[in-house]
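Good morning, and thank you for making time for this presentation. I would ask you to keep the sequence and the structure in view while I speak.

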Amino acid sequence: MFEKPLTPSDVGKLNRLVIPKQHAEKYFPLGGGDSGLLLSFEDESGKSWRFRYSYWNSSQSYVLTKGWSRYVKEKRLDAGDVVLFERRRSHTDRLFIGWRRRSAAATPSAHDSGPGAAQVSGGAGESSGSGSAGGWTRMFYSAPHHNK
């Protein structure tokens, strides 16, 4: 779906991850009366992660809060690392979360820690828009290769 390089405030004492409006509204829409909801993600090892997702009127931003600081601590994330959000073609009802170190951000490879990271390709995938915005880029996934 999308990825985001983490800022110092995303991994700091504020205990929240800001999700840009265009991605929040496209991938995690809140209903009219929703004050927030719990989103469940699966990581690369199959572990389940639940985050509180809400809209903050004060800063007019969409955020992941409860559960986010635990994820940051367990994965030892730092500013500049990249967090990945994915919904796999075969499991469109399931959400996946992954990450990779900032040093690997420019050239993803098979040993990255993001879900499906070995499948990241330069452009032979499902693109539905025009490039990146505000440090975010679209993820392109190619179909898995099966040996016959």
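**Loops, sheet and core**

Let me begin with Gln60, which sits in the loop that connects β4 and β5. Its phi is positive, about 50°, although Gln60 is not a glycine. Most residues other than glycine have a negative phi, which is the reason for drawing attention to this loop. Is Gln60 buried or exposed? With a relative accessible area of 62%, Gln60 is exposed. A second case is Asn15, in the loop between β1 and β2. Here phi is near 55°, again a positive value in a residue other than glycine. Asn15 has a relative accessible area of 37% and is therefore partly exposed.

I should state at once that this is a predicted model. The mean pLDDT of the protein is 75, and 66% of the residues score at least 70. Among the elements, α2 has the highest mean pLDDT, 97, and α1 the lowest, 91. Over residues 107-148, by contrast, the pLDDT is below 50. That stretch nevertheless has 72 contacts in the model beyond near neighbours in sequence. Where pLDDT is low, the predicted coordinates should not be read in detail. I shall accordingly leave those contacts aside.

Now to the sheet. It is open, has seven strands with mixed pairing, and follows the order β1-β6-β7-β3-β4-β5-β2. Which strands stand at its edges? They are β1, residues 2-5, and β2, residues 17-19. Each of these two has a single partner strand, so one side of each is left without a neighbour in the sheet. From one strand to the next, the twist averages 35°.

Consider β6 and its two partners. Strand β6, residues 82-86, runs antiparallel to β7, residues 95-100, and five bridges join them. Within this pairing, Leu84 stands opposite Gly98, and Val83 has Trp99 as its bridge partner. β6 also pairs with β1 in the antiparallel sense, over four bridges. There, Pro5 has Val82 of β6 as its bridge partner.

How many of the five residues of β6 are buried? The number is five of five. In a regular strand the side chains alternate between the two faces of the sheet. In β6, Val82, Leu84 and Glu86 lie on one side, Val83 and Phe85 lie on the other, and all are buried, so that both faces are covered.

Phe85 deserves a further word. Leaving aside neighbours within four places in sequence, Phe85 is in contact with Met1, Phe2, Leu17, Phe28, Phe41, Leu64, Phe96 and Ile97.

Next comes helix α2, residues 68-75. This helix lies across β2, β4, β5, β6 and β7, and runs at about 135° to β4. Two of its residues, Trp68 and Tyr71, lead us to the aromatic rings.

A pair of aromatic rings is described by the distance of the centres and the angle of the planes. The model contains 14 aromatic pairs. One of these joins Phe51 and Tyr71 edge-to-face, at 5.9 Å centre to centre with 85° between the planes. This pair links distant parts of the chain, since Phe51 belongs to strand β4 and Tyr71 to helix α2, 20 residues apart. Both Phe51 and Tyr71 are buried.

Why does the pair of Trp68 and Tyr71 count as stacked? Their ring centres are 5.7 Å apart and their planes stand at 25°, and the cut-off for stacking is under 30 degrees. Along helix α2, Trp68 and Tyr71 are three residues apart, and therefore separated by about one helical turn. Trp68 has a relative accessibility of 1% and counts as buried, while Tyr71 is buried at 0%. Ring pairs join these residues into a cluster that includes Phe2, Tyr27, Phe28, Trp49, Phe51, Trp68, Tyr71 and Phe85.

I conclude with the core. In soluble globular proteins, nonpolar side chains tend to be buried together. In this model the largest nonpolar core has 24 residues, and those with the most contacts inside it are Ile19, Phe28, Trp68, Tyr71, Phe85 and Ile97. At least two residues of this core come from each of β2, α1, β3, β4, β5, α2, β6 and β7. Trp68, Tyr71 and Phe85 thus belong both to the aromatic cluster and to the residues with the most contacts inside the core.

Definitions and conventions: Residues numbered from 1 in each chain as written. Predicted model: local features only at pLDDT ≥ 70, side-chain atom pairs only at ≥ 80, totals over all residues. Heavy atoms only, no water. Pairing = 2+ DSSP bridges. Axes fitted to C-alpha atoms, helices over the stretch in contact; angles between N-to-C directions. Contact = heavy atoms within 4.5 Å. Phe/Tyr/Trp six-rings, centres within 6.5 Å; stacked < 30°, edge-to-face > 60°. Buried < 20%, exposed > 50% of the residue type's maximum accessible area, 1.4 Å probe, protein only. Core = buried A, V, L, I, M, F, W, Y, C linked by side-chain atoms within 4.5 Å. pLDDT = per-residue confidence, 0-100.
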